[in-house]
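Student: Let us go through this structure together. Where should we begin?

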Amino acid sequence: SSSPTNAYNEPHRPQFHFTPREAWMNDPNGMFYLDGEYHLSYQFYPDSTVWGPMHWGHAVSTDLVRWKHLPVALAPDSLGYIFSGSAVVDHKNTSGFGNGSEPPVVAVYTYHNPILEAAGGDDFQYQGIAYSLDKGRTWTKYAGNPVLANDTGVRDFRDPKVFWHGESEKWIMVLAVYDRVRLYASSNLKEWEYLSEFGIEGDTRLWECPDLFRLRVPGTREAKWVLLVSIQQEGPSGGTGTSYFVGDFDGTVFTADPAGQKWLDHGADNYAFVTWDNAPTGWGSRLGIGWMSNWQYAQQVPTVAWRSAMTVPRMLSLAEDSGELVLSALPVPAVTGLRGAEVQLPMELRDSIRVEGDFSPTQCDISLLVDLENTTASSFGLVLKNAGGDRLTVTFDRSEETVTVDRTASGPQGFSDAFFKGPHKATVDLSQESLDIRVLLDAASIEIFADRGILNFTDIFFPESPFDELSIWAEGGTLVLFDGTVYPMDSIW
Ligand code: FRU
């Protein structure tokens with residue numbers, strides 16, 4: 001429940017999503033698990049609510065739901081700002097940073113040097129490392145930085161994600177280099193050897209924040225590799241978005257399956273999604289988190305003390321969809337631990353019913369299992385309203401087989417044109433017997449997970465006053481449910 005000693009009650013402040021106490025935040029960084037703790041660092045500018053000289057802010061959690069803020073992990077130095085990157089637990093002390101008791105945790109990040117940038121060169125982004133011998137509490141930058149200079153002639157050279165590759169007994173780094181990724185290998189995290197690159201012929205969009213990991217193919221002992229890449233332009237709902245490729249990695253080269261690039265999330269607000277190193281999930285699933293905003297308007301959204309939140313942590317796995325392997329992402333199970341006393345919905349509904357309960361409709365978890373065979377409604381969904389006339393509408397359209405989130409009237413306009421530019425839409429298979437829909441609402445965000453997590457849809461919104469009315473609606477017939485439950489959610493702060 002909410003603590004009276006902090007300021008987590010400001011307008012639009014999420015109650016069960018990670019936000020910095022104050023100031024600007026973007027990408028999640030340096031996520032690792034060690035001794036019962038999940039670490040989350042993030043792009044942070046402590047002196048303002050807009051982007052500036054980047055630091056790594058830092059927090060820990062034992063359950064991925066409740067977070068404790070820690071001091072800034074990495075601050076700018078003479079080599080530059082600290083841009084995005086990752087962290088690994090170096091169990092074998094390959095780096096030599098270890099002292100014999102704790103495994104070193106090694107952060108691998110991009111230095112962005114504003115002085116070299118202003119001088120007009122093309123080598124102002126390069127990679128550095130830092131290590132911690134006390135479970136991430138304090139960090140020491142390596143005296144031999146940088147560990148990977150930029151000799152490519154390409155200015156964008158950043159966001160290293162590193163993992164241990166058992167077969168080749170090497171660390172592999174995947175790095176965004178303008179419109180593609182490059183792979184490097186190292187035996188000690190200090191010296192890096194170029195392996196290969198991967199891109200799409202003719203694609204000149206800017207790529208950022210890559211990740212590469214293995215996942216088991218469901219029902220088999222086979223594994224496939226997934227390459228996540230965030231894309232700076234032409235995201236699925238405009239602006240920035242996270243994409244992925246399913247394919248293979250042989251220790252040197254990543255090859256994508258013919259299905260090619262897909263979006264991880266179809267809403268506007270899930271960027272820079274990356275995963276935790278060393279988390280105890282096995283190969284079946286992988287834990288990750290995204291930045292719940294979009295560079296089109298992130299610096300203008302109407303919050304005062306802080307800017308932006310993370311998505312709920314999500315569990316990734318592979319799933320089969322019409323004969324193709326795709327990613328499924330669902331909220332981590334611990335999220336259900338925040339649920340309060342449930343409100344049961346009627347199993348059949350027409351028109352619209354208001355969800356009644358002694359809780360805020362924008363601090364809740366909605367779980368629906370729709371009986372599509374017996375549903376005669378041509379469209380159904382939910383709507384949030386306040387007394388001032390702001391509204392947010394979610395529509396599942398049966399003939400179009402789409403889901404639409406319309407935030408065009410969700411609050412005072414003016415801070416950004418792009419934010420209010422038309423509804424956001426994605427396709428969803430509505431010809432099945434049933435459809436599972438999970439919706440998380442938290443002050444300023446909606447996260448929709450449908451069809452076993454294959455459809456992810458994340459959007460943020462800023463009503464003038466909190467939405468105080470939530471209704472489930474059906475049009476042109478009856479919506480039939482196998483299950484419909486709404487749970488109020490606890491605050492984590
Ligand atoms: C992605 C990004 C990264 C970069 C960081 C800077 O949102 O542009 O490529 O490292 O943000 O804050």
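Tutor: Begin with the nonpolar cores of this predicted model.

Student: How many residues does the largest nonpolar core have, and which have the most contacts inside it?

Tutor: Two or more residues of this core come from each of β1, β2 (37-45), β5, β18 (271-275) and β19 (286-291). The core has 40 residues. Those with the most contacts inside it are Phe18, Leu40, Trp67, Trp276 and Met310.

Student: Which residues does Trp67 touch, leaving out those up to four places away in sequence?

Tutor: Contact here means heavy atoms within 4.5 Å. By that cut-off, Trp67 touches Tyr38, Ala59, Val60, Ser61, Ile492 and Trp493, among others. The list also includes Phe18, Leu40 and Trp276.

Student: How many residues are in the second, separate core?

Tutor: Val355, Leu382, Val405 and Ala474 are included in it. Its count is 39 residues.

Student: Now the ligand. Which strands each supply at least two residues of the shell around it?

Tutor: The shell has 13 residues, and Asp27, Gln43, Arg158, Asp159 and Glu208 come nearest. By class, 6 are nonpolar, 3 polar and 4 charged. The strands are β1 (23-34), β5 (81-89), β9 (158-165) and β13 (207-216).

Student: How much of the ligand's accessible area does the protein cover?

Tutor: Take the polar contacts before the area. A side-chain N or O atom of Glu208 is 2.8 Å from a ligand oxygen, and a polar side-chain atom of Trp295 also lies 2.8 Å from a ligand oxygen. Ser84 uses a backbone N or O atom, 3.2 Å from a ligand oxygen. Of the 310 Å² that the ligand has on its own, the protein covers 96%.

Note on methods
Residues numbered from 1 in each chain as written. Predicted model: local features only at pLDDT ≥ 70, side-chain atom pairs only at ≥ 80, totals over all residues. Heavy atoms only, no water. Near = heavy atom within 4 Å. Polar contact = N/O pair within 3.5 Å; in protein donor to acceptor, adjacent residues only side chain to side chain. Areas by Shrake-Rupley, 256 points an atom, 1.4 Å probe, with all protein chains shown as cover. Helix = DSSP H or I, 4+ residues; strand = E, 2+ residues; numbered from the N terminus. Nonpolar A, V, L, I, M, F, W, Y, C, P; charged D, E, K, R; others polar. Core = buried A, V, L, I, M, F, W, Y, C linked by side-chain atoms within 4.5 Å. Buried < 20%, exposed > 50% of the residue type's maximum accessible area, 1.4 Å probe, protein only.
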